[in-house]
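The following exercises concern charged side chains, strand pairing and the nonpolar core. Please examine the sequence and the structure before reading each solution.

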Amino acid sequence: MAFWRGRVCLVPAGIAQMVSALCPEDVIWSYTARFLEAFAMTIHAEMHSAEKILIPEVGTLHVTHRSARKGRNLATGEEIQIAARRVVTFKATKTLQDRVNS
């Protein structure tokens, strides 16, 4: 179940809210909760070893490297060094992009 505020769709953030949104009346709630937890744990585990995870009909999660760079502390204006790090990015499939843009 998604909630709309104007043109912004607010998707439930927690496991309980997601289960309530995905779980029809005739499906046992605990099976859906266990599936979502296992799905999330699998993605977490695979992101350590894989550079790319494909979720069919949704998109791809990529691990990319951001190099060190200079930044600025907005409170003081002081120049700071931002460390290099690995980040997760998401790229939607063509099917999803077409559905969003139609």
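**Exercise 1.** In this predicted model, determine whether lysine 70 is buried or exposed, and identify its salt-bridge partner.

*Solution.* Step 1: lysine 70 has a relative accessible area of 62%. Step 2: exposed means over 50%, so lysine 70 is classed as exposed. Step 3: the salt-bridge partner is glutamate 79, and the closest N and O atoms lie 3.9 Å apart. Step 4: glutamate 79 itself is partly exposed, at 46%. Step 5: glutamate 79 also forms a salt bridge with arginine 72, with a closest N and O separation of 3.8 Å.

**Exercise 2.** Describe how strands S5 and S6 pair, and locate the bridge partner of lysine 70.

*Solution.* Step 1: S5 (residues 69-72) and S6 (residues 79-82) are antiparallel and share four bridges. Step 2: the bridge partner of lysine 70 in S6 is glutamine 81. Step 3: six residues separate the two strands of this hairpin, and glycine 77 in the turn has a positive phi of about 80°.

**Exercise 3.** Characterise the salt bridge between aspartate 98 and lysine 94.

*Solution.* Step 1: the closest N and O atoms are 3.1 Å apart. Step 2: both residues belong to helix H3 (residues 94-101), four residues apart, or about one turn of the helix. Step 3: aspartate 98 is partly exposed at 40%, whereas lysine 94 is exposed at 57%.

**Exercise 4.** Which residues make up the largest nonpolar core?

*Solution.* Step 1: the six residues are Ile43, Met47, Ile53, Ile55, Leu61 and Val63. Step 2: helix H2 (29-49), strand S3 (52-55) and strand S4 (59-66) each give two or more residues to this core.

Definitions and conventions: Residues numbered from 1 in each chain as written. Predicted model: local features only at pLDDT ≥ 70, side-chain atom pairs only at ≥ 80, totals over all residues. Heavy atoms only, no water. Core = buried A, V, L, I, M, F, W, Y, C linked by side-chain atoms within 4.5 Å. Buried < 20%, exposed > 50% of the residue type's maximum accessible area, 1.4 Å probe, protein only. Pairing = 2+ DSSP bridges. Salt bridge = Lys/Arg side-chain N within 4 Å of Asp/Glu carboxyl O.
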